[in-house]
Amino acid sequence: MTKPILQVKNVKKYFPITGGILGKKIGDMKAVDGVSFHVNEGETLGIVGESGCGKSTTGRMLLRLIEPTDGSILFDNQDLRALPKKEMRKVRRNIQMIFQDPYASLNPRHTVEKILEEPLLVHGIGDATERKKKVSEMLEVVGLTSYHARRYPHQFSGGQRQRIGIARALMTNPKLIIADEPVSALDVSIQSQVLNLLKDLQKEFQLTYIFIAHDLGVVRHISDRVGVMYKGRMVELADAEKIYQNPLHPYTQQLLAAVPIPDPEYYQADAQAAIQFGTLPSPYVIDDSWMNIESERDDLVEVEPGHFVACRLK
Amino acid sequence: MPVLAKRENETNQLQQEEAVSPWREGWKSFKKNKVALVGLGIVLFFMIIAVFAPLLAPYGINEQELSIRNNPPSPEHWFGTDDFGRDIFSRVLYGARISLWVGLVSVSGSVIVGCFLGIIAGYYGRWIDTVISRIFDIMLAFPSILLAIAVVAVLGPSLQNALIAIAIINIPNFGRLIRSKVLSVKQEEYIMAARAVGMSDGRILFHHVLPNSLAPIIVQATLAIATAIIEAAALGFLGMGAQPPQAEWGKMLADSRQYIIQAPWTVLFPGIAIMLTVLGFNLMGDGLRDALDPKMKN
């Protein structure tokens with residue numbers, strides 16, 4: 001089953017930079033600068049990158065929560081960018097989103113029942129009794145109980161809130177779920193529980209995920225394929241194992257090298273090596289000289305089946 | 001849809017806990033605040049007086065007895081009588097009706113109009129925001145009482161027009177307050193989540209943005225009622241509000257000020273009534289601020 005459910009072509013988002021007293025536009029902040037990828041039905045595509053690389057913006061553009069500046073987004077062979085606003089709202093029934101911060105993504109003045117019922121209400125699904133039934137069913141599915149329905153978000157722990165966020169995303173039976181850093185705000189002990197829940201749900205509901213994260217370990221755990229983003233561009237895209245075993249792009253290599261390894265011996269050896277080159281090991285110091293050499297933009301090139309890299313290789 | 005067996009859950013300690021809405025939590029902490037409860041008590045006290053004034057007042061509102069003009073407080077006339085021989089106690093009781101009425105109605109008016117404009121300005125931004133905000137700025141550039149006098153001067157002096165004037169001058173306060181609140185609420189992730197679900201702007205505004213922007217408005221409204229009562233009294237004092245023989249506290253002060261030396265009770269009791277009501281609303285408002293301000297909660 002490798003039918004693409006979503007095809008993203010050359011999507012861009014430029015935010016205007018204004019300056020002067022008149023607020024005149026003096027330039028563009030290229031948050032996302034020509035990103036292309038596709039997602040197959042039933043798979044998980046991980047998108048990794050450091051903060052500010054445009055991965056969240058990309059996720060939000062897919063739902064047109066942020067309007068893309070350019071490019072096309074084909075979902076089920078339908079160009080989302082061509083849809084009027086009203087039609088776009090209907091499409092959102094099939095594409096849902098899970099947010100990063102479970103403390104901020106739930107309306108503090110609504111009960112859990114209201115939060116979960118609202119997607120059904122908005123899309124006109126079911127009558128009052130059916131909706132109530134579906135809410136309590138969904139609470140059980142994500143590992144809560146229907147008893148929780150009458151409570152408010154502030155009465156739950158972070159992990160429980162994220163389960164509510166996941167339940168909300170599932171209410172309308174979507175095909176595609178965009179998970180924007182769904183576990184990075186949670187305790188490490190809770191992260192794996194939520195990740196396993198997401199995996200289980202994927203099998204159960206035949207979901208397709210786009211999993212956005214900065215934690216390489218988490219992405220490896222959940223993804224079938226992984227895309228690496230840097231400064232608004234996709235620099236490498238391949239099967240998860242290929243990315244981790246055989247990273248081809250210099251940035252991917254450095255990103256993987258920056259992953260902390262819980263081994264004091266290794267760290268010391270690493271530090272020694274780094275000092276020899278006159279720099280201290282820091283995950284923030286990333287050599288991007290290749291960016292300057294490749295001043296002209298490179299499209300993703302398929303170097304081996306399913307492995308795309310956006311840089312001329314030496 | 002298949003229903004799975006209940007999954008392992010990190011905590012179930014909440015099982016027995018009752019649902020606590022943020023409003024109820026606010027009321028809980030309000031109840032603990034003694035000073036605020038005193039304020040609430042004063043406000044309720046004046047409300048009861050206002051409602052039952054005809055039953056409580058020993059004399060009619062305009063019942064004159066010229067033989068007892070400017071008489072000091074006595075067992076027959078608790079607060080004394082004014083220069084027409086009217087019972088000041090009865091008039092103060094009836095005055096509560098006018099003052100609370102003016103306070104509540106004018107502030108409700110400015111809250112409704114101010115919120116409407118403020119939400120639109122804050123949510124849609126761009127030129128709509130610029131136009132509405134500049135109008136607010138222009139209105140705030142005038143001293144409020146001067147603006148009120150100008151409005152009354154255009155409409156003609158009467159209690160009703162004073163009420164309209166007070167409502168108008170308070171609009172920008174509420175508008176700016178809710179605009180700034182909406183600006184911060186619309187950045188919240190649950191608004192983004194609501195859009196991701198596929199909600200329309202109208203639903204997001206009324207079900208998500210408005211309820212989360214309301215707390216400071218309630219606080220501000222309570223405090224604004226106090227100000228509105230003073231403003232109404234001030235307009236009454238200047239002869240731009242209530243007209244004789246209406247028993248309006250400010251007007252009573254104005255009418256009696258020439259007797260302040262000979263018959264201080266004619267000024268004292270309406271003055272105390274104004275002061276107490278305003279104090280009550282202010283104490284209550286401060287208590288509400290402490291109880292509802294989310295910044296203090298987290």
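**Chains A and B: a walk through the model**

Let's start at A:Asn173. A:Asn173 is partly exposed, with a relative accessible area of 44%. Keep in mind that this is a predicted model. A:Asn173 lies in the loop that runs between α5 (158-170) and β7 (176-180) of chain A. Look at the backbone there. Phi of A:Asn173 is positive, about 50 degrees, although the residue is not a glycine.

Where else does a positive phi turn up in a residue other than glycine? At A:Asp76, where phi is near 55 degrees. A:Asp76 also sits in a loop, this one between β4 (70-75) and β5 (78-79) of chain A. Is A:Asp76 buried, exposed or partly exposed? Its relative accessibility is 33%, and the partly exposed class runs between 20% and 50%, so A:Asp76 counts as partly exposed.

Now step back to chain A as a whole. Its secondary structure comes to 11 helices and 12 strands. The chain has 314 residues, and 52% of them are buried. The accessible surface is about 14,400 Å². Carbon and sulfur atoms hold 52% of that surface. Next, contacts along the chain. Take those between residues at least 6 apart in sequence: 68% of them join residues at least 24 apart.

One residue shows such a long reach in sequence. A:His214 and A:Ile47 are 167 residues apart in sequence, yet 8.1 Å apart in space, C-alpha to C-alpha. A:His214 is in the loop between β8 (208-213) and α7 (216-222) of chain A. With a relative accessible area of 45%, A:His214 is partly exposed. What does A:His214 touch, leaving out residues up to four places away in sequence? The partners are A:Gly49, A:Lys55, A:Glu181 and A:Ser184. With A:Glu181 there is a polar contact, side chain to side chain, at 2.9 Å.

Now a pair with a wide separation listed. A:Gly23 and A:Pro250 are 227 residues apart along the chain, and their C-alpha atoms are separated by 38 Å. A:Gly23 is in the loop between β1 (4-19) and β2 (24-40) of chain A. Its relative accessible area is 40%, which makes A:Gly23 partly exposed.

A word on cysteines. How many disulfides does a search of the whole structure find? The count is 0 over all chains. Two cysteines to look at: A:Cys53 is at 2% relative accessibility and counts as buried. B:Cys115 is at 10% and also counts as buried. Both calls follow because buried means under 20%.

On to the interface. On the chain B side, 40 residues are in contact with 53 residues of chain A. Interface size is often given as the accessible area lost when the parts come together. Here chain B and chain A bury about 4,200 Å² between them. Of that area, 51% is on carbon and sulfur atoms.

What about the polar side? There are 13 residue pairs in polar contact between chain B and chain A, both residues at pLDDT 80 or more. The rule also finds 2 salt bridges across this interface. In a salt bridge, the side chains of A:Glu118 and B:Arg203 meet at 3.1 Å, N to O.

Which helices of chain B each supply at least two residues of the side that touches chain A? They are α1 (22-32), α7 (189-197) and α8 (201-237). The one that gives the most is α7(B), with 7 residues.

Methods
Residues numbered from 1 in each chain as written. Chains lettered and ligands numbered in written order. Predicted model: local features only at pLDDT ≥ 70, side-chain atom pairs only at ≥ 80, totals over all residues. Heavy atoms only, no water. Helix = DSSP H or I, 4+ residues; strand = E, 2+ residues; numbered from the N terminus. Buried < 20%, exposed > 50% of the residue type's maximum accessible area, 1.4 Å probe, protein only. Contact = heavy atoms within 4.5 Å. Areas by Shrake-Rupley, 256 points an atom, 1.4 Å probe, with all protein chains shown as cover. Disulfide = S-S within 2.5 Å. Buried area = accessible area lost by both parts, 1.4 Å probe. Salt bridge = Lys/Arg side-chain N within 4 Å of Asp/Glu carboxyl O. Polar contact = N/O pair within 3.5 Å; in protein donor to acceptor, adjacent residues only side chain to side chain.
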